[in-house]
Amino acid sequence: MPHSNNHFGSQTVNETERIFHALDSFRIEIPSWGFANTGTRFGKFIQAAAATNLEEKFADAGQVHALTGGSPTVALHVLWDTPNGIKDVAEIRSLETKFGVRAGSINPNLFQDQEYKFGSLANPSVEIRAQAIAHCVESVEIAKALGSRDISMWIADGANYPGSQSIRRRIDWLQEGLKATHNALGPDQRMLVEYKPFEPGFYFTDIADWGMALEYARGAGPQAKVLVDTGHHYQAQNVEQIVVWLLRLKALGGFHFNDRKYADDDLTLGSIDPYQVFRIFYEIISEAGDQFNDIAFMIDQSHNLKGKVEAMVQTVVAAQELYAKAALVDRAKLAELQDACRLVEAEELFRGAFYIDVRPTVMQWREARGLPPEPLKALYASGYVEKATQARGAKNAGRVTSYA
Ligand SMILES: [Mn+2]
């Protein structure tokens, strides 16, 4: 076992190379909404340093990328970030140049307007469905103008009570809406279909699992793929197995990474179960092949209590470290052990990579790439958050916190 018996401190040259190679190819997109004030179902919590407009979100995202070297794009939310639609594209272009991060996936908003109380693309009202489709098509146009490849479709539609909605008719309505959105895509664009078993609908959601998402994607057209949000599964589900199936079916569009203890908790990636992230990364490294560039790694988290920029730096660093660990699994050796059914040795080889402390090598990689060796320390030393607090504190103090 060439790589598994000397992991106490420094890595071998081979391992260093593998980690450098892995980190050079690994990019994870951060969401604009991760920098704004958020809360719980009960109220919003205001942070003095939270971003209050798109420029501040880009500034924060640029800061995270400058410190980590791993997050060159920022996911945008159409209603929150481009309130004037396509007219906002010029401003976004100049923010990209100013802050050194590009616009990434475009996220339509099909859950906030009052019209969507009973659903958007699956609403029984033909007028509201048409409004939802128009919004999706506009989102595609914004993405085109920004040069963004992916439209991420998070459909919050569902129902709370048995008998209150027709499950079957909603399938047809939703499929029609997704098809119409797909038809608007440019040749290089993709539509990513996200799924979730419950919430906000507590009897059903219209796209409850990866099978439904896959079927909707196939029905919509060849440029539609499935988006896996790691928090959108029942507790016992094996997410890495879903990932392998989607890869096999050439239908994996990307991820929304986050962690959870109970349901869709939107906690920091790897904070509760880092081994799960490692397992997912391992399957991608081992199975993706030429599909790798078609996988959009994205973060979807909500930091209610942690400092926004601080939490996002922590997230990207955690993702880089877990990705580096997954790259250290000796795949040839593992396959040999698996085929020979040497079960314990196979398992030990696999989890052995998880237990390697890659941080010293990741630090070397950062230094070799002109990045600060310890991004969080560099953030604290920079005074960035203190400056943001100064500049944004007054604006944030006037924000509404209650839902009443
Ligand atoms: Mn998500």
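Helices, of at least four residues in state H or I, and strands, of at least two residues in state E, are DSSP runs numbered from the N terminus. These legends describe a predicted model.

**Figure 1. Overall view of the predicted model, with its 15 helices and twelve strands.** The C-alpha trace spans about 65 × 55 × 40 Å along its principal axes. The radius of gyration is 22 Å, which agrees with the value near 22 Å that a compact globule of 404 residues would have. Of the 404 residues, 44% count as buried. Among contacts between residues at least 6 apart in sequence, 78% join residues at least 24 apart. The average pLDDT is 95, and 97% of the residues score at least 70. Over residues 1–9, by contrast, pLDDT stays under 50, and the model has twelve contacts beyond four places in sequence for this segment. Where pLDDT is low, the predicted coordinates should not be read in detail.

**Figure 2. Close-up of the largest nonpolar core, a set of 101 residues.** The residues with the most contacts inside this core are L121, V193, A213, V226, V243, F281 and Y323. Helix α10, residues 308–327, gives the most to the core, with twelve residues. In soluble globular proteins, nonpolar side chains tend to be buried together. The surroundings of V243 are shown in detail: beyond its neighbours within four places in sequence, V243 is in contact with V228, L252, I280, E283 and I284.

**Figure 3. Close-up of strand β8, residues 190–194, and the strands paired with it.** Five of the five residues of β8 are buried, so the strand is largely enclosed by the rest of the structure. In a regular strand the side chains alternate between the two faces of the sheet. In β8 both faces are covered, with R190, L192 and E194 buried on one side and M191 and V193 buried on the other. Strand β6, residues 150–153, runs parallel to β8 and is joined to it by four bridges; I151 has M191 of β8 as its bridge partner. Strand β10, residues 224–229, also pairs with β8 in the parallel sense, over four bridges, and here E194 stands opposite L227.

**Figure 4. Close-up of the loop between β8 and β9, where E199 and P200 are joined by a cis peptide bond.** Omega of this bond is about 5°. Both residues belong to the loop that leads to β9, residues 204–205: E199 lies in it, and so does P200. Although E199 is not a glycine, its phi is positive, at about 75°. Most residues other than glycine have a negative phi, and most peptide bonds are trans. E199 counts as partly exposed because it has 13 C-beta neighbours inside 10 Å.

**Figure 5. Close-up of helix α13, residues 359–368, and its buried side.** An α-helix has 3.6 residues a turn, so residues three or four places apart point the same way. The buried residues of α13 are T361, V362, W365 and R366. They cover an arc of only 150° around the axis, which puts them on the same side of α13. These buried residues pack against α1, residues 13–25, and α10. The face turned away from the buried side carries the exposed residues E367 and A368. Just after the helix, G370 takes a positive phi of about 70°.

**Figure 6. Close-up of E321 in helix α10.** E321 counts as buried because it has 21 C-beta neighbours inside 10 Å, where the cut-off is 20 or more. Not counting residues up to four places away in sequence, E321 touches V358, R359 and V362; V362 is among the buried residues of α13. T268 is 53 residues from E321 in sequence, and their C-alpha atoms are 14 Å apart.

**Figure 7. Close-up of helix α11, residues 331–339, and the loop between α11 and α12.** E336, found in α11, is partly exposed, with 14 other C-beta atoms within 10 Å. The C-alpha atoms of E336 and A346 are 8.6 Å apart, for a separation of ten residues in sequence. C341 is found in the loop between α11 and α12, residues 343–355. C341 has a positive phi of about 55° although it is not a glycine. With 8 C-beta neighbours inside 10 Å, C341 counts as exposed.

Technical notes: Residues are numbered from 1 along each chain as its sequence is written. This is a predicted model: local features need pLDDT of at least 70, side-chain atom pairs count only at pLDDT 80 or more; totals for chains, interfaces and linings use all residues. A nonpolar core is a set of buried Ala, Val, Leu, Ile, Met, Phe, Trp, Tyr and Cys residues joined through C-beta atoms within 7 Å. A residue is buried if 20 or more other C-beta atoms lie within 10 Å of its own, exposed if 12 or fewer, and partly exposed in between; C-beta atoms are placed from the backbone. Two residues are in contact if their C-beta atoms, placed from the backbone, lie within 7 Å. Two strands pair if DSSP finds at least two bridges between them. The arc is that of the directions from the helix axis to the C-beta atoms. The radius of gyration is taken over C-alpha atoms; the globule rule is 2.2 Å times the number of residues to the power 0.38. pLDDT is the predictor's confidence in each residue, from 0 to 100.
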